[in-house]
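I opened a fresh notebook page for the charged side chains today. Here is what I looked up, in the order I went through it.

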Amino acid sequence: GVPEQNPCFTGRHGCDTNAMCRPGDSLQFTCECATGFTGDGRYCHDIDECRETPHICGFNAVCNNQPGTFRCECLTGFVFASDGRTCIEEDRPVDHCERGTHTCDAADRALCSYSGGSAFVCSCLPGFEGDGRVCRDVDECQQERCHRDAFCSNTQGSYTCQCRPGFHGDGFQCTAS
């Protein structure tokens with residue numbers, strides 16, 4: 001009759017679906033678990049690389065076991081570096097004005113304006129002068145903005161005018177009573 005073929009070629013070997021059948025002499029054969037699996041070849045089970053090698057994924061990453069393999073995933077806020085393995089902090093733009101991490105002067109003297117990316121611009125509010133990082137009060141009384149028959153009082157970021165005794169008006173226009 002026809003010589004029997006090796007079970008590896010007929011598919012009647014009984015090796016696990018995750019195993020390779022290796023033909024031997026005549027009808028001899030062995031079953032060998034595939035990479036990422038372990039067992040006797042007739043029964044193979046997945047190796048949990050995440051549990052067996054705890055730091056397989058490195059810092060800021062989580063290991064995800066999968067049949068025959070595993071996957072590293074970066075934690076939220078982290079992305080893979082160019083090597084595809086290391087997780088580095090994501091270079092997300094930061095609105096320093098909103099966060100309050102800017103270097104502008106105090107909010108009652110300066111304005112922080114977000115300008116895209118992680119950039120911002122500082123500018124002094126009206127009544128103040130400087131580069132936005134340091135803002136000084138402008139002494140409007142030095143600029144003779146009030147009427148000549150009025151008192152000028154300088155305040156932080158502003159000033160007030162008041163007509164002298166014997167005059168009435170708003171301090172910008174004073175007329176003799």
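My entries below are about salt bridges and how exposed their residues are.

**Entry 1, the tally.** I am working from a predicted model. I began with the overall number and got six salt bridges. I followed up some of them, including the one between Arg71 and Glu73.

**Entry 2, Arg71 and Glu73.** How far apart are the closest N and O atoms of Arg71 and Glu73? I found 2.8 Å for this salt bridge. I then checked the exposure of each partner. Arg71 has a relative accessible area of 42%, so I noted it as partly exposed. Glu73 comes out at 24%, and I put it down as partly exposed too.

**Entry 3, Arg109 and Asp105.** Next I turned to Arg109, which forms a salt bridge with Asp105. Their closest N and O atoms lie 2.8 Å apart. Is Asp105 buried or exposed? I wrote it down as buried, because its relative accessibility is 12% and the cut-off for buried is under 20%. Arg109, at 26%, counts as partly exposed.

**Entry 4, Asp108.** I stayed with Arg109 and looked up its salt bridge with Asp108. Here the closest N and O atoms are 3.8 Å apart, which I accepted because the limit is within 4 Å. Asp108 has a relative accessible area of 54%, so it went into my notes as exposed.

**Entry 5, putting it together.** Which residues are linked with Arg109 in a network of salt bridges? I listed Asp105 and Asp108. In that network I have a buried Asp105, a partly exposed Arg109 and an exposed Asp108.

How values were computed
Residues are numbered from 1 along each chain as its sequence is written. This is a predicted model: local features need pLDDT of at least 70, side-chain atom pairs count only at pLDDT 80 or more; totals for chains, interfaces and linings use all residues. Side-chain values use heavy atoms; hydrogens and water are left out. A salt bridge is a side-chain nitrogen of Lys or Arg within 4 Å of a carboxyl oxygen of Asp or Glu. Buried means under 20% relative accessible area, exposed over 50%, partly exposed in between (1.4 Å probe, protein chains only).
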